[in-house]
Amino acid sequence: MEERTLTDGTVWLSRPVESDIEAIVECCQDPAIAEWVTIPVPYGRADAEYFVRTRSAEGWAAGSPCWAIRLGEHDRLVGTVGLGVRPSDEGSAEIGYWLAAEHRRRGLMSRAIALACDFGFDSAGMGLTRIHWRAFVGNHASAAAVRAQGFRYEGLARLGSVLRGSRRDHWMAARLNTDPPGPADGWPAGV
Ligand SMILES: CC(C)(COP(=O)(O)OP(=O)(O)OC[C@H]1O[C@@H](n2cnc3c(N)ncnc32)[C@H](O)[C@@H]1OP(=O)(O)O)[C@@H](O)C(=O)NCCC(=O)NCCS
């Protein structure tokens, strides 16, 4: 898949590279990321090397882009966002992301999600029909971020996901290419 840097002038999304490995290791020491994202714990340099050299590289080759989030085109990585496509269903992708703790609550992930969705739905990008999201129950920050970008709540999957060997409930939501991008209605109270 053709690599493209996406930007709205505040955040830049580009493919993670070797020089991002140290920043990824540092960011992934944060227990708040380990609590909600299925990264290895403890998270070491070999994990970040695998992420950059294998997982992200294979993802790009297979049509599942994964971007580093930067605050300038060539700046240090402050997070990641990706769209994962299953080979059996190329019209749909799952979105996943995390952001370094010191950059949260400034609207940056909302911007990154918006850029990834625009690229995902664009016929000149991935031409997707649907982008779906799931998060372990209780991840209100993640729910707020996708809700703000037009994802509609679709339910709760009981013991639907595994986090390091332990099954947990997850929330589900999705945005279709026909849904408006702004904040979505219809989310239940408490999600
Ligand atoms: C989830 C995460 C990426 C949000 O990033 P962020 O840059 O802080 O999000 P934004 O600043 O763009 O905020 C988006 C919305 O979420 C809300 N929000 C952010 N953090 C929140 C929190 N801790 N509790 C409740 N709402 C929160 C914001 O108010 C905003 O809502 P609004 O548009 O209605 O005002 C970040 O908290 C994170 O990396 N968490 C750990 C990893 C993780 O959970 N990844 C997702 C796994 S599914």
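# Exercises on a predicted model

The residue L159 lies in strand β7, which covers residues 152-163. The structure is a predicted model, and the exercises below work through its features.

**Exercise 1. Determine whether L159 and R164 are buried or exposed, and describe their backbone angles.**

Step 1. A residue counts as exposed if 12 or fewer other C-beta atoms lie within 10 Å of its own.
Step 2. L159 has 10 other C-beta atoms within 10 Å, and therefore L159 is exposed.
Step 3. R164, found in the loop between β7 and β8, has 9 such atoms within 10 Å and is therefore exposed as well.
Step 4. Most residues other than glycine have a negative phi. L159 is not a glycine, yet its phi is positive, about 50 degrees. R164, also not a glycine, has a positive phi of about 45 degrees.

**Exercise 2. Find the cis peptide bond and state where its proline lies.**

Step 1. Most peptide bonds are trans.
Step 2. The bond joining V41 and P42 is cis, with omega about -5 degrees.
Step 3. P42 belongs to the loop between α2 and α3 (45-61).

**Exercise 3. Describe the overall build of the chain.**

Step 1. The chain has five helices and eight strands.
Step 2. Along the sequence, these follow the pattern β-β-α-α-α-β-β-β-α-β-α-β-β.
Step 3. For 191 residues, a compact globule would have a radius of gyration near 16 Å; the chain has 16 Å, so the two agree.
Step 4. Along the principal axes, the C-alpha atoms fill a box of roughly 40 × 40 × 35 Å.
Step 5. Among contacts with a separation of 6 or more, 60% are between residues 24 or more positions apart.

**Exercise 4. Work out how β5 is paired with β4 and with β6.**

Step 1. β4 (77-86) and β5 (89-99) run antiparallel and are joined by eight bridges.
Step 2. One of the residue pairs is V85 with A93, the latter in β5.
Step 3. A hairpin of two residues connects β4 to β5. P87 is found in the loop between these strands; P87 has 8 other C-beta atoms within 10 Å and is therefore exposed.
Step 4. β5 pairs with β6 in the parallel sense over three bridges, and S92 stands opposite R130 in β6.

**Exercise 5. Locate the largest nonpolar core and the contacts of I113.**

Step 1. Nonpolar side chains tend to be buried together in soluble globular proteins.
Step 2. The largest nonpolar core holds 42 residues, of which L13, I69, A112, I113 and A116 touch the most other members. α4 gives the most to this core, with seven residues.
Step 3. Apart from neighbours within four places in sequence, I113 is in contact with V81, I95, Y97, A145, V146 and Q149.
Step 4. I113 and P87 are 26 residues apart in sequence and 22 Å apart in space, C-alpha to C-alpha.

**Exercise 6. Identify what surrounds the ligand and the part played by α5.**

Step 1. There are 22 residues around the ligand, and R104, M109, S110, A141 and A144 come nearest.
Step 2. The elements giving two or more residues to this shell are α2 (31-36), β5, α4 (108-121) and α5 (140-147). α5 gives the most, with five residues.
Step 3. By type, the shell has 14 nonpolar, five polar and three charged residues.
Step 4. In α5, the residues S142, A143, A145, V146 and R147 are buried. Their cover includes α2, α4, β6 (130-136) and β8 (166-176).

Conventions:
Residues are numbered from 1 along each chain as its sequence is written. This is a predicted model: local features need pLDDT of at least 70, side-chain atom pairs count only at pLDDT 80 or more; totals for chains, interfaces and linings use all residues. A residue is near a molecule or strand if its C-beta atom, placed from the backbone, lies within 6 Å of it. Helices (H or I, at least four residues) and strands (E, at least two) are DSSP runs, numbered from the N terminus. Ala, Val, Leu, Ile, Met, Phe, Trp, Tyr, Cys and Pro count as nonpolar, Asp, Glu, Lys and Arg as charged, and the others, Gly among them, as polar. A nonpolar core is a set of buried Ala, Val, Leu, Ile, Met, Phe, Trp, Tyr and Cys residues joined through C-beta atoms within 7 Å. A residue is buried if 20 or more other C-beta atoms lie within 10 Å of its own, exposed if 12 or fewer, and partly exposed in between; C-beta atoms are placed from the backbone. Two residues are in contact if their C-beta atoms, placed from the backbone, lie within 7 Å. The radius of gyration is taken over C-alpha atoms; the globule rule is 2.2 Å times the number of residues to the power 0.38. Two strands pair if DSSP finds at least two bridges between them.
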